[in-house]
Amino acid sequence: MPCYGWAPVPVVLNPEQSAAVAHRGSALLVLAGAGTGKTRVITHRVAALLDEGIPPWRILAVTFTNKAAEEMRARIDRLCEGRHATKEIWVGTFHSICARLLRRFGQPLGLSPHFTIYDTADSTAVMTKVLEALDVSDKLFTPRGVLGWIDRAKNRGLGPGELDALGVIEPVRSVVAKAFAAYQARLLAANGADFGDLIVHTVALLRAAARPRETAGQQLAGDDPVRALLHRFQHVVVDEFQDTNPLQAELVDRLASHAELCVVGDDDQAIYGWRGADVDQILRFADRHRGTHVVRLEHNYRSTGLILRCADAVIRRNAGRLGKTLWTDAGDGDPVRVLELPGEREEARLVAHEIRHAIDDGASPDQFAIFYRTHAQSRVLEDALRTAGLGVRIVGGVAFYERAEIKDILSYLVVLLNPDSDAHLGRILNRPARGIGNTTIDRLAALATARGTSLWQVLPAAREAGLGAAACKKIAGFVALIEQLRERVAALPLDALVAEVVERTGYRESLVLDGDEESMGRLENLQELLGNTEEFLSEHPGATLSDWLEQTSLVGGERGEGPRAQAVTMMTVHSAKGLEFDEVYLTGMEERVFPHARVLEDPVQMEEERRLAYVAITRARRKLTLTMVARRRIYGQLQPGTPSRFVLDLPREALATAAARPRPQPVVERPAPRTPAWNEDVVYDAAPEIALEPDELEGFHAEVDGGVALFVGMHVRHKDFGIGELVGWSGAGRQLKFNLRFARVGLKTILARFCEPV
């Protein structure tokens, strides 16, 4: 087991924590610095409210991940020791709370209690059909790209006709607006909603409920059950408030319109602007809630004093912050090290060498973490660790609920409850293969579109889609199978139902017949799914298929830490938020790597990049090492390394290399060679649910003529085609070629000498 620090959070609350727990009478903003015990404050506040006589069902506690929600509920249970009916407290994520409300009150919006929650893959499948129907070129507009614009719009509560507010230009605006409208129509026809819709629809209901009763003739305005929601809660507590977007903040305000609102967060750890979060929601909280009381939690129980001084030196340069200074009574600890190596291979070998020797001396591998700004840096580091005989746990890969065989079975189960869900029905029509090809499915989908209905509704009319007798027979067999299984939903317990679906659909048989190693692995995954249903039933006796599917929809794609292997952890800094390790190596500390090249000319993004550096530094409990190189090769391109501004911000007195030097001067350390071990291994962790990390789309630099560093995503201008986005390059010198994406003409390959950086 990892060491969780030598300065644990005390049994009793410190004065600031106590003040946050005890405050009543006005809105409360708790600015909780890294490692200051914010979860402790939230859970003690809820327990105190219960002890004061607040009914459990009148308390709402909201956070961002199911893991955090489960931990919150478990800690409240322990604090209450059976004194209160804690299961009645509304504890959950934004999406789970909204799903719960929409299943009760969503009928006026066209959603039945069994509506389906569409994940990223489902939404992509729908959008693919939408773009095909609109005859939009996939070379200019990808389903993922269009969905990205729609997601940004939904985060701000904007509809298809309001894209100007996002700065969308033509022809993108027109295409996205049409696709947005068609996409929403298809979701509604399929009795479905995506993750963004959960918030959008719930806010729409609450807005309508808040209107004066004189407007009750308007749609939704007189919905008394929804109106009662505005008065249901006496206390609302929100965790990680710095990660909210404007619509989530409005949702909180409306649910707390007659309640005392407490939000907890850290503006210095707001690092998800690329995902729609808006740090202004926490920065301007007091402006929106008159009389807000602010409590700052600054006593850090995680890191050493010198690590905290480095974190403060980096973050204090941000103008957009409410301000706090972390401190600890655990002592200064070891100085922070700043090391410079000739190149990325030497950097990787040094890190691997030091960790190898520490483990040989008795340290546990899971005490160590290696951070990097972009995934492009990870390969050399991984190679070095493996060569040193170290196991590697890489945060990334395919999440359990995203595996093909799991999504197939879940799609079958969704269809049993909601056969009108086109994305799920389309996925399983020919899985396992039953002779229903893409042409057949496309003709059926075209008939459904022409009739304005779902795919399921036209399956009995397959002949009208122009299908032959053989195809119609196969479709009829599939319909009969689904109808038979639908009759079993009420007759069987959840685990038996899932097992029957795996068998009756022929899914297990198809894998057994394949017989290869991959198929055996898929069979093991299906067995794990069956085990999951058994565990769910033991934890939730009497739970229904709908209950279980809702949980898998909400948690399936979350980035989870997963079981800890005996391995060194590698991850991007974005993945590190919320975690902590005894010893951290923060690599690639050069300008244009960290901070990233794309933020250098944007003050707002640079502030977020600085917050990202602050997050990275505050993950370390005992030891922190920052590394940089003189020259770095990424994706075949070599660039000179300039020390990151974040390195130059560090205070001399906190650094091991600071003696009698005017500014941090790195030291080169050269590890001794080591014989590779024969049994090196890699353990891959779970993937994020939605949205690529920002560095997966950009971050590959090159040093080219004139000293201009290239990176994917940068903008360049061409005299004929206008401003384009760089998506790749090849060659060198006068033969350097850019692969550019232009809004008007799509992808073009152009000699770099005919372009100029914007």
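In this predicted model, the axes of helix α13 (residues 305–315) and helix α26 (residues 603–617) come within 9 Å and cross at roughly 175°. That angle is over 145°, the cut-off for the antiparallel class, so α13 and α26 run roughly antiparallel to each other. On the α13 side, the contact is made by I307, C310, A311, V314 and I315; α26 brings R610, R611, A613, Y614 and I617. Sorted by class, that makes 8 nonpolar residues and 2 charged ones, with no polar residues in the contact.

Then there's the sheet. It is an open one, built from 6 strands in the order β3-β2-β6-β7-β1-β8, with parallel pairing. β3 (90–93) and β8 (293–297) sit at the edges, each pairing on one side only. From one strand to the next, the twist averages 15°. Helix α4 (residues 94–105) packs on this sheet, where it touches β2 (59–63), β3 and β6 (235–238). The direction of α4 makes about 115° with that of β3. Elsewhere in the sheet, β1 (residues 28–32) and β7 (residues 260–265) pair in the parallel sense over 4 bridges, and L29 stands opposite V263 of β7.

Helix α10 (residues 246–255) is mostly covered, with 7 of its 10 residues buried. The buried set takes in L247, A249, L251, V252 and L255, along with Q248 and E250. At the start of α10, N245 points a side-chain oxygen to within 3.0 Å of the backbone nitrogen of L247, and L247 is itself one of the buried residues.

Conventions:
Residues numbered from 1 in each chain as written. Predicted model: local features only at pLDDT ≥ 70, side-chain atom pairs only at ≥ 80, totals over all residues. Heavy atoms only, no water. Axes fitted to C-alpha atoms, helices over the stretch in contact; angles between N-to-C directions. Helix = DSSP H or I, 4+ residues; strand = E, 2+ residues; numbered from the N terminus. Parallel < 35°, antiparallel > 145°, perpendicular 65-115°, else oblique. Contact = heavy atoms within 4.5 Å. Nonpolar A, V, L, I, M, F, W, Y, C, P; charged D, E, K, R; others polar. Buried < 20%, exposed > 50% of the residue type's maximum accessible area, 1.4 Å probe, protein only. Polar contact = N/O pair within 3.5 Å; in protein donor to acceptor, adjacent residues only side chain to side chain. Pairing = 2+ DSSP bridges.
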